[in-house]
Amino acid sequence: MAIDKNFCMSSYLAFRYIEDDGKDFFNLEGVHHRNITPIPDSERILVKTADDIGREIEKQITLFDDKKKGILLSGGMDSAIVASYLSGSDAYTFRFLNGEYQKDELARAKYYADYYGLTLHYVDISWDTVIKYLPAVMAAKGAPLHSIEPQILQAALQAKKDGIEVMFVGESSDLIFGGMDGLLAKDWTMEEFIERYTFTKPEDVLVEPVSMRYLYERYRSDADKIDFLSFMDNVFSVESSSSYLNAFSVAQVPYYDPYAKLKMADKLDLYRVRHGEPKYLIRELMASRYPEIPVPNKVPMPRPVDSYFRNWGGPTRPEFRSDIDISSFTGNQKWQMYCLEQFLDINEPL
């Protein structure tokens, strides 16, 4: 195992995970990052229609009929659809700032639970609970985290206390069915996509940044174009799914994403995605499962990072530049800097 702290810091900032499994931050026992291995195409189920998707989700859920089931239920389509096949189960919805944050999403989650007879539980998240669960998920991952991981751990532990034996999530739907409409909005040039996709530019933050361009270059498809669909399948899928794997593993609660086993039989219709129909098959299934309400727009997993870091002054460790204008960064980017600094402080105290 090669030790390359500068590479690992840069990879985390750019991609929210350590891209190279052969490199670690430190030569410390037990501090090795873990990435999920996506399900190979040979093991995935081809679906052509919205009805196909619903049928296959239901079939997968029946495999766990001998288990007490729960679901992470948001106000979006993906978990709402899975919930519609889980009548009588328990649902867990994140609630922030005493319910003042994203009230509309909380109301939709309650509607979904009531519609199909799920028992709804709120997972009340605050900055104090984020800090409480952060060390455990960082230690297990051997790396700094996505901002959703501490709250997923909190939800998993709450569900475990309630006797839940398997938790369902709807995490993979966006990637599989064309939900990342911002990233699918055009045929990108290499330079455009690097600018659009990079979460935080290492050179803006670190004293000794390492270029992450090599990973994008693997997907160069023409003189100045990038195969962004393959990039998302192979890069984004690892980053997003690893967060769930890590948090549920720490809680020792099995979780299952029925979308992860599916694959579109037909090529994604980018014209429809780019003209107001992202996840068109999922939207059709949502309309059939909840015909009385409008199909909601996509909402990411809630986390009020802008509020958390409103008055944060920025990182102070020597690995970080001393001239960072912290006000120019988003809440999610501030989280990355904060979490990276916390990880370094724990494993390499000054």
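# Notebook: buried residues, helices and loops

I began with Glu 149, which is buried at a relative accessible area of 0%. The model I am reading is a predicted one. Glu 149 sits in helix H6, residues 149-161. I then listed its contacts, leaving aside neighbours within four places in sequence: Val 137, Lys 141, Ser 243, Asn 246 and Ala 247. I checked Ser 243 by distance. The C-alpha atoms of Glu 149 and Ser 243 are 5.8 Å apart, although their positions lie 94 residues apart in sequence.

**Entry: Gln 154**

I stayed in helix H6, where Gln 154 is also placed. Is Gln 154 buried or exposed? Its relative accessibility is 8%, so I count Gln 154 as buried; the cut-off is under 20%. Not counting residues up to four places away in sequence, Gln 154 touches Val 123, Asp 124, Ile 125, Thr 129 and Tyr 133.

**Entry: the nonpolar core**

I turned to the largest nonpolar core, which has 114 residues. Which members touch the most others? I found Phe 25, Ile 53 and Phe 177. Helix H11, residues 228-251, gives the most to this core, with ten residues.

I followed Phe 177 outward. Residues up to four places away in sequence were not counted. Phe 177 touches Val 47 and Ile 53. Phe 177 also touches Tyr 259, Leu 262, Met 264 and Leu 268. A run from Lys 279 through Tyr 280 and Leu 281 to Ile 282 completes the list for Phe 177.

**Entry: Phe 248 in H11**

I picked Phe 248, which lies in helix H11. Phe 248 has 2% relative accessibility and counts as buried. Leaving aside neighbours within four places in sequence, I noted its contacts with Leu 72, Ile 152, Ala 156, Met 167, Val 169, Val 253 and Tyr 255. For Met 167 I also took the separation. Phe 248 and Met 167 are 81 residues apart in sequence and 8.9 Å apart in space, C-alpha to C-alpha.

**Entry: helix H4**

I looked up H4, residues 103-115. This helix has 13 residues and reaches 18 Å from its first C-alpha to its last. That is close to the 18 Å expected at 1.5 Å a residue. Which residues of H4 are buried? They are Glu 105, Leu 106, Ala 109, Tyr 112 and Ala 113. I viewed H4 down its axis: the buried residues fall within an arc of 120 degrees, so they line one face of the helix.

I then asked what that set packs against. The buried residues of H4 pack against two helices, H3 (77-83) and H13 (280-289), and against strands S5 (90-96) and S6 (119-125). Just after H4, Gly 117 takes a positive phi of about 70 degrees.

**Entry: helix H1 and Arg 16**

How many of the eleven residues of H1 are buried? I counted ten, so H1 (residues 5-15) is largely enclosed by the rest of the structure. Among the buried residues of H1 are Lys 5, Phe 7, Cys 8, Met 9 and Phe 15.

Just after H1 comes Arg 16. Arg 16 has a positive phi of about 70 degrees although it is not a glycine. Most residues other than glycine have a negative phi. Arg 16 is in the loop between H1 and strand S2 (23-24). Its relative accessible area is 14%, and Arg 16 is buried.

**Entry: Lys 279**

I noted Lys 279 for its backbone too. Lys 279 is not a glycine, yet has a positive phi of about 55 degrees. Lys 279 is found in the loop between helix H12 (270-274) and H13. At 4% relative accessibility, Lys 279 counts as buried.

**Entry: H2 against H13**

Next I took the pair H2 and H13. The axes of H2 (residues 50-62) and H13 come within 8 Å and cross at roughly 70 degrees. The two helices are therefore roughly perpendicular to each other. From H2, the contact is made by Ala 50, Ile 53 and Gly 54. From H13, it is made by Leu 281, Ile 282, Glu 284 and Leu 285.

**Entry: Asn 297**

I closed with Asn 297, placed in the loop between H13 and helix H14 (305-308). Asn 297 counts as exposed, at 60% relative accessibility. I paired Asn 297 with Gly 75: they are 222 residues apart along the chain, and their C-alpha atoms are separated by 9.4 Å.

Note on methods:
Residues numbered from 1 in each chain as written. Predicted model: local features only at pLDDT ≥ 70, side-chain atom pairs only at ≥ 80, totals over all residues. Heavy atoms only, no water. Core = buried A, V, L, I, M, F, W, Y, C linked by side-chain atoms within 4.5 Å. Buried < 20%, exposed > 50% of the residue type's maximum accessible area, 1.4 Å probe, protein only. Helix = DSSP H or I, 4+ residues; strand = E, 2+ residues; numbered from the N terminus. Contact = heavy atoms within 4.5 Å. Expected span 1.5 Å × (residues − 1). Arc of directions from axis to C-beta. Axes fitted to C-alpha atoms, helices over the stretch in contact; angles between N-to-C directions. Parallel < 35°, antiparallel > 145°, perpendicular 65-115°, else oblique.
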